[in-house]
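Reader: I have the sequence and the structure open. Take me through some helices, strands and contacts, and give the reasoning each time.

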Amino acid sequence: MISEHPIEGLEISMNDLMLQLPVLDTVAESKKAEASSNPLTSDEIRRKLSTSGRQYWRSIEELADSEEFDAFVRREYPSQTSVLIDPVNRRSFLKLMGASLGLAGLAACTVQPKEEVIPYIKQPEEIVPGKALYFATAMPRMGGAVGLLVRSNEGRPTKIEGNPDHPASLGATDIFAQAEILQLYDPDRSQTINHLGDIRSWGDFITEITGRVSGLKSKKGAGLRFLTESITSPSLAAMMKGILDDMPEAKWHQWEPARGNSPFIASQAAFGAQVNSLYRFDKADRVLALDSDFMMGSDTSVRYARDWSQRRKVSSSSTDMSRLYVAETTISSTGANADNRIAIRPSEFEPFVGAVAAALGVAGANGQAVSPKQQEFANAVAKDLASAKGRSIIITGEWQTPYVHAMAHAMNAALGNVGNTVFYSDPVEAQPMDQVASLVDLALDMQKNEVDTLIILGSNPVYSAPADLDFAAALKNVPYIVHYGLYHDETAKYAHWHIPEAHFLESWGDARAHDGTVSIIQPLIAPLYEGKTAHEVLTTFTKNPSLQGYEIVKNYWTGGAKGGDVDRTWRRAVHDGVLANTQIATKTLAPAAANAQPSITPANGFDIVFRPDPTIYDGRYANIGWLQELPKPITTLTWDNAALVSKATAEKLQLHATLQLTGGEYETDVVHIEVDGRAVNAPVWIVPGHPDDTITLYLGYGRTNAGRVGNELGFNAGRVRSSKNMWFATGAKVRKTPKTYPLAGTQIHFTMEGRGAVRSATFEEYKKNLDFVHEKKDEEEPSKDNSLFPRYEYKGYAWGMTIDLNSCIGCNACMIACVAENNIPVVGKEQVLRSREMHWIRVDRYYTGAAEDPDTYFQPVPCQQCERAPCELVCPVDATSHSAEGLNDMTYNRCVGTRYCSNNCPYKVRRFNFLLYQDWTTPTYKMMRNPEVTVRSRGVMEKCTYCVQRIQNAKIDSEKENRRVRDGEIVTACEAVCPTDAIVFGDINDPMSRVARLKSDTRNYALLGDLNTQPRTTYLGAVRNPNPEISRIHVKQQGWEQSS
Amino acid sequence: MGQIFHRSANPIARASILFSGAIAVVAVYAIFIGIPRSSYWNQTDIIKTQPVQFSHKHHVGDDGIDCRYCHTSVETSSSAGMPPTKTCMNCHSQLWATTTYLEPVRNSWKTGIPIKWTRIHDLPDYVYFNHSIHINKGVGCATCHGRVDQMPLITQVASLQMEWCLDCHRAPEKYIRPRSQVFNMAYAPPEKQIELGLQLKKDYHVLGSDVLTSCSTCHR
């Protein structure tokens, strides 16, 4: 913990203070921070807002223009505080410096250490050293699957891309798929088979389990229980079915802590059967998302985000644009991209949905009273949706109540969307069930001592089960538990046997995507540890207890048949990553009249919203440093969860989040939250646009057995979650505690102080003025010749990039793709607190409008590759220099770490290795790294290079064929991962390239173009399409008049 | 305490003051130019022990085996490729199949443990060299690796320092040869090499030296 006084509290001796250059006025600054720690009230903010033009802001502190904020932005890399751990005093420092100066000339002349070349015995035919191979596979998750192409360098999987042929990917991926590489190589993964703490062999397990199974068979499986996650693997499902047929008394339970059971319940009620809902956002003109974050986090989000964004691409010839309404109980990426958004506390949400349904004339809609603002929103939405019959979508988040789902089904039917934009099909999951009820059943049976053998396949219920079940205590009643998982986690501690799970990149398997398409999962590498696949564990319950995963999966799909055709089809399916024609047929169903009733009763006190964490999900990614350090979309928090509250709620509870000067971290108040007699302490984080009197808690933190990275981070929100209040709770008691806690939010890191970074317009404004991004005279770009230096003519290629702010949904996938491709290190919370995160591309989040009801914009900022680059001129050793193709090359081996370049960079995109952030010793991390990119050491500046390794490889390939690089042949890591095609890279010297055409668009503008840096990366202004009939919280601003 | 230096050392002391300038020049030359360019630092002409006494002179010079028989990926990949044990055994399961000389090779074949060769041409890890593009643009093997066909034990002939790379990247016409001659060890450049080089540069679309000397061409 860092104490309240930012600089005084750090553990630094006076000797270290003497080394600091320049000398900081530490006392004065910390006093200033104290003096102005009273945050602005909403009224003051509103007054400030009303006096300026349309203003974009990144944090409430920036909006308020507080003194702390000013002091913070004046400092490049805010913390000059020493981090030398050795007690170096001034005298020995000078001695060392003297010696190193004397030897400086020799430092570069090292003899290379001896290195070995180790060839194969027999070289596999397809492996060419130095050439990467790509293999298709799929990532099973959340009741679906995402198809992947995985790059393999000399047999080591190093980077994941999307499979363009797969319906849930179409070539893109998301943060979780990217992070799987790190999970594969995680040294904290469980490595051995364990029995009561002793290491055992797989043979030992087979011997013991087969003995036990024959005993169970004689009892028809009574007392045998399986607990799995959602399963979409047809072959695994068939095995489960076979086992259950064999032992009819055995039971199959399922539990995924972050999946809602409402879709299941509502679908049973509406259709009398389990159905799967599919949406075609590419055909929808109007979308209403009811607490649905369809762009982030689920197995379909990549596909849906792409489909949705296709309807949002605008050009001068566009006559219409789709419109997205979002009504939600917390903040989400989808809500941030809405044209019109309304924040509603959970206890008022069902009446609001009832009001929309009633306005659409849906039978059974509950006509409860709602606030005038909500009624106005509901009426306007209903009117707009009714004008787009058959071309609209109403989509509900899976955590919403059965009532909301029932209403959405009814509204989609009433609007004629079913069969046009909304489709139903048989479920893709092998056996859908109400997972909450299923887990409750299991816990009760365990308490009644009815379970004598429990097989847990890949689930962690001790951590994730609702608190009221007291799952850990119940487990103690079970005499025989087998736990199978990637980590030796909280649940493994209670198990008698623990079997390490093979990562999907090490396994043979299969999985169905949301539309039913089957993918064969093929391994990229043999299991690093003793991992087994789920198939191999389940087969111990059958006649053939020692079958291999490959045989099981292949036999399932080929039926054991051999021969030319069968083999050819099998090989084709493995190669393509999809099995052709395996989609499940869609059907048009009419829902039965809705008779569900609202289920959330309003109560005095606060409403609580539980959500899976945006980056570490339900806690399964807690040990993945890449995801921990990835700023969470909207909140920008890293390494922690928090109690998210609105500004008004914070004022009501007298909560403060005080900006500190060490690195722009926040010292926030800790609140005590009590729900139904259970309590948790949480630091607060104030989020503009959050509903009032509501607190959002992200699940997944507070793990105790996650691994070295994920242990003891944040707080476990699951402690106040019960099986009755899975997603919402009402009547919570919240009080402020005297404690404070530092939160590493990155929202004000690398700030460019406004300066016209984001430019936006409504669709109407855009149609009237296509050139809206160039409206402000002071942001105009000066003539390119306005410089002391002569112009350079780029004769060959001239690489450039455009980023369409209209398409960027702020999912942060580009950040993590860049981390994976460019060997970017994780620095840890303590360093993020000092603004030292290393991400080469950051996604800035800007708000505009009132703090209660803001519009949100996202802006990815990589190195802008300026043609007149301020960084190049100040490098004393030419470590950063201009290439003949217009890149700002960064030569790491030349860099001596003066950091002048970073000081001179107006975009703040250069990152400095203050410490040795890379792990140079862990063997698995060595396997993980991209061999095409230098691994940087301490004291070196680094930055985005437009993935120069990909450029060079494509150029070499093209030059061998004596041709130019084709447009689209080079795909940067951020471009490849982007689900909405917001990032486009190419040669701007080729007038027919996509990037050159986008740069000629009227929406094209340069970030801080008035500085005459002539950046190669440019942005396309954002266009939103709000409904003019919906009023906004009134802020009188120029250019925002329609919001009255 | 007695004197450390004998009286006779005085002239040397005086001379060192007199010639201090020259001494400084020599020292600077030695530290910054002489030593870094010496064979000791850049490892040229140094014979390193290998697990098998493999002779390029015999295989290339006497037997006339093409470079690509063993270094298979030199035309397609960044790495030229090191031959797997199988390549050795193609011949040596029949020829010299019992000689003690080749015991390590047979051993590797039997046990499945690879032969660990010592790397001779070792670029720093921050340099990304690609064999295939050089071969395709007419840089001969011997241009960088020397007359391998005359080396019983292989040594490095070029310094592999950046100035050496840049010498060619600044003016490739000085070194490039027709593609048909790339693998010819005995190729001698014609008298009018510059003329030929310029023509080949055009024919093979060799990029300009502005691109070839950009940092990111080799460093990333």
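Reader: Is Leu538(A) buried or exposed?
Author: This is a predicted model. A residue counts as buried if 20 or more other C-beta atoms lie within 10 Å of its own. Leu538(A) has 23 such neighbours, so the verdict is buried.

Reader: Which helix holds Leu538(A), and which residues does Leu538(A) touch?
Author: Leu538(A) sits in helix H20 of chain A, residues 534–538. Leave out residues up to four places away in sequence. The contacts of Leu538(A) are then Leu236(A), Met239(A), Met240(A) and Ile243(A).

Reader: What separates the C-alpha atoms of Leu538(A) and Leu457(A)?
Author: Along the chain, Leu538(A) and Leu457(A) are 81 residues apart. In space, their C-alpha atoms are separated by 9.3 Å.

Reader: What end-to-end distance does helix H9 of chain A have, against what it should span?
Author: H9(A) runs over residues 202–218, which makes 17 residues. At 1.5 Å a residue, H9(A) should span 24 Å. The model agrees, with end C-alpha atoms apart by 25 Å.

Reader: Where on H9(A) do its buried residues fall?
Author: The buried residues are Phe205(A), Ile209(A) and Leu216(A). Seen down the axis of H9(A), they fall within an arc of 15 degrees, so they line one face of the helix. On the other side are exposed residues, among them Gly203(A), Gly211(A) and Ser218(A).

Reader: Which strands do the buried residues of H9(A) pack against?
Author: The partners are in chain A. They are E6 (193–195), E7 (198–200), E8 (224–228), E16 (453–457) and E18 (497–500).

Reader: Which residues of E18(A) are buried on its two faces?
Author: Both faces of E18(A) are covered. One side has Trp497(A) and Ile499(A). The other has His498(A) and Pro500(A).

Reader: Does E18(A) run parallel or antiparallel to E6(A), and in which sense does E18(A) pair with E17(A)?
Author: E6(A) is joined to E18(A) by 2 bridges, and the two run antiparallel. Here Asn194(A) has His498(A) as its bridge partner. In strand E17(A), residues 481–485, Val482(A) is partnered by Trp497(A) of E18(A). E17(A) and E18(A) have 4 bridges, and their sense is parallel.

Reader: How many residues of helix H16 of chain A are buried?
Author: H16(A) covers residues 402–414, which is 13 residues. The buried ones include Tyr403(A), His405(A), Met407(A) and Asn412(A). H16(A) is largely enclosed by the rest of the structure, because the buried count is 12 of the 13.

Reader: What do the buried residues of H16(A) pack against?
Author: Both helices and strands of chain A take part. The helices are H11 (262–271) and H14 (346–359). The strands are E11 (286–290), E14 (392–396) and E15 (422–425).

Reader: Which element gives the most to the side of chain A that touches chain B?
Author: In all, 39 residues of chain A are in contact with 43 residues of chain B. Elements of chain A giving two or more residues are H7 (104–107), E2 (116–117) and H31 (948–960). With 6 residues, the most comes from H31(A).

Reader: How do the residues on that side of chain A divide?
Author: The split is by residue class. The side of chain A that touches chain B has 16 nonpolar, 14 polar and 9 charged.

Reader: Which residue of E1(B) is the bridge partner of Glu116(A)?
Author: E2(A) and strand E1 of chain B, residues 117–118, are joined by 2 bridges. They run antiparallel. The partner of Glu116(A) is Thr118(B).

Technical notes
Residues numbered from 1 in each chain as written. Chains lettered and ligands numbered in written order. Predicted model: local features only at pLDDT ≥ 70, side-chain atom pairs only at ≥ 80, totals over all residues. Expected span 1.5 Å × (residues − 1). Arc of directions from axis to C-beta. Contact = placed C-beta atoms within 7 Å. Pairing = 2+ DSSP bridges. Nonpolar A, V, L, I, M, F, W, Y, C, P; charged D, E, K, R; others polar.
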